[in-house]
Amino acid sequence: MNFTVTPEDVIRTYGLSNVTYFPRSNVAGYDERTAAFLSSVGLPTSDVFTSRMDVEDPYGPETDAITLGSRFELYGLHCPPESQSWWSLGYLFTSLLALDPKSGKVYAFPEGAMDYIELHRDIESLVFALIELRKVEVDHDNDIDPEELAARFREVVGAFDETPFADEDSQWNLSLEELENGIW
C-alpha cells in the first residue's frame with residue numbers, strides 16, 4: 001500500500017527511538033490499511049502525543065488493556081456502546097485517542113467529556129498532523145508568530161483531512177486556540 005506519510009518522514013521528525021511499530025494482526029474485521037500503516041510507518045510518541053506502548057497488561061487478567069469498554073468499566077466510566085471495542089492509542093494533550101479497528105477512524109475522548117469526537121479519518125491523518133505539529137513546536141521555539149503557526153497548521157492539515165477541525169471542541173482546535181492566545 002502507498003501512503004503519503006512515509007516511515008522516513010516519521011523517523012526524520014521524531015527519531016527512530018520515538019516510533020512504535022505494531023505487528024500485523026489477523027484480528028477479524030481489522031482495517032487492512034490501518035494494519036499496514038501501523039506496521040510499516042508506525043506511530044510516533046512525544047511530550048504532546050504519548051502512544052500506548054505498554055506490551056504487558058497492567059490491569060490483570062479480567063481487564064482487556066487494549067479495548068476501551070473494559071478499561072472504562074474498570075474505572076467506572078461511561079463508554080458509549082459503539083466504542084467499547086475500539087482500541088486505545090494514547091493521549092493527545094488531555095484527550096484519550098482511540099482507533100475504531102473496523103473503520104480505521106481515530107476518535108478523541110476529551111478529558112471530563114461523556115462522549116467522543118471524530119478526530120481523524122484514519123491513522124495516517126493522525127500521524128500527518130503529529131508531524132505538522134512537531135514543525136509548529138520547533139518554529140514556536142524559534143519565535144515564529146503563534147497566529148502564523150496556527151494558520152499554517154490549519155491550512156496544511158486541513159488540506160490533508162478536514163476532520164480534525166470539524167468539531168469546534170476538537171483537541172486540535174482547542175490547542176491551536178491556546179497557541180494563538182500565548183498559552184504555549
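Helices and strands here are DSSP runs numbered from the N terminus, helices having at least four residues and strands at least two. With that numbering, W86 sits in the loop between α3 and β4, and that loop will be an early stop on this tour. One thing to keep in mind while you click around: this is a predicted model.

**The whole chain**

Start with a cartoon view of everything. The protein chain has 6 helices and 7 strands. Follow it along the sequence and you should read off α-β-α-β-β-α-β-β-β-β-α-α-α. Now colour by accessibility: of the 184 residues in the chain, 46% are buried. If you draw contacts between residues at least 6 apart in sequence, 50% of them join residues at least 24 apart.

**W86 and its neighbours**

Next, select W86 and show its side chain. Is this residue buried or exposed? With a relative accessibility of 3%, W86 counts as buried. Leave out anything up to four places away in sequence, and W86 touches I66, T67, L68, A98, L99, D100, P101, Y107, F109 and Y116.

Pick Y107 from that set. How far apart are the C-alpha atoms of W86 and Y107? They are separated by 9.2 Å, with the two positions 21 residues apart along the chain.

Now switch on the rings. The structure holds 11 aromatic pairs. One to look at is W86 with Y107, a stacked pair with 4.1 Å centre to centre and 15 degrees between the planes. W86 comes from the loop between α3 (68-74) and β4 (87-92), while Y107 belongs to strand β6 (residues 106-109), so the pair ties together parts that are 21 residues apart in sequence. Y107 is buried too, at 10% relative accessible area.

Keep W86 and Y107 on screen and add F72, F109 and Y116. Together, these five form one aromatic cluster.

**Across to α5 and α6**

Move along to F153 and W172. What is the geometry of this pair? The ring centres of F153 and W172 are 5.1 Å apart and the planes meet at 40 degrees, so the pair is tilted. Here too the pair links distant parts of the chain, with F153 in helix α5 and W172 in helix α6, 19 residues apart. Check the surface and you'll find F153 buried at 1% relative accessible area, and W172 buried at 0%.

Zoom out to the two helices themselves, α5 (residues 146-160) and α6 (residues 171-180). Their axes come within 8 Å and cross at roughly 160 degrees. Angles over 145 degrees count as roughly antiparallel, which makes α5 roughly antiparallel to α6. To see the contact, select P146, E147, L149, A150, F153 and R154 on α5, then W172, N173, L176, E177, L179 and E180 on α6. Colour those by residue class and they split into 7 nonpolar, 1 polar and 4 charged.

While you're in this part of the chain, show F160 and R121. R121 lies over the face of F160, 4.7 Å from the ring centre.

**Helix α2**

Now select helix α2, residues 32-40. Which of its residues are buried? Highlight T34, A35, A36, F37 and L38. Then bring up what covers them: the elements include β1 (19-20), β2 (43-44), β5 (95-99) and α4 (123-141). Step just past the end of α2 and you reach G42, which has a positive phi of about 90 degrees.

**Two backbone oddities**

G42 is a glycine, but the last two stops are not. Most residues other than glycine have a negative phi.

Go first to the loop between β4 and β5, where F93 is found. Although not a glycine, F93 has a positive phi of about 55 degrees. Its relative accessible area is 28%, so F93 is partly exposed.

Finish in the loop between α4 and α5, at D143. D143 also takes a positive phi without being a glycine, this time about 65 degrees. Is D143 buried or exposed? At 69% relative accessible area, D143 is exposed.

Conventions. Residues numbered from 1 in each chain as written. Predicted model: local features only at pLDDT ≥ 70, side-chain atom pairs only at ≥ 80, totals over all residues. Heavy atoms only, no water. Axes fitted to C-alpha atoms, helices over the stretch in contact; angles between N-to-C directions. Parallel < 35°, antiparallel > 145°, perpendicular 65-115°, else oblique. Contact = heavy atoms within 4.5 Å. Nonpolar A, V, L, I, M, F, W, Y, C, P; charged D, E, K, R; others polar. Phe/Tyr/Trp six-rings, centres within 6.5 Å; stacked < 30°, edge-to-face > 60°. Buried < 20%, exposed > 50% of the residue type's maximum accessible area, 1.4 Å probe, protein only. Lys NZ or Arg CZ within 6 Å of the ring centre and 35° of its normal.
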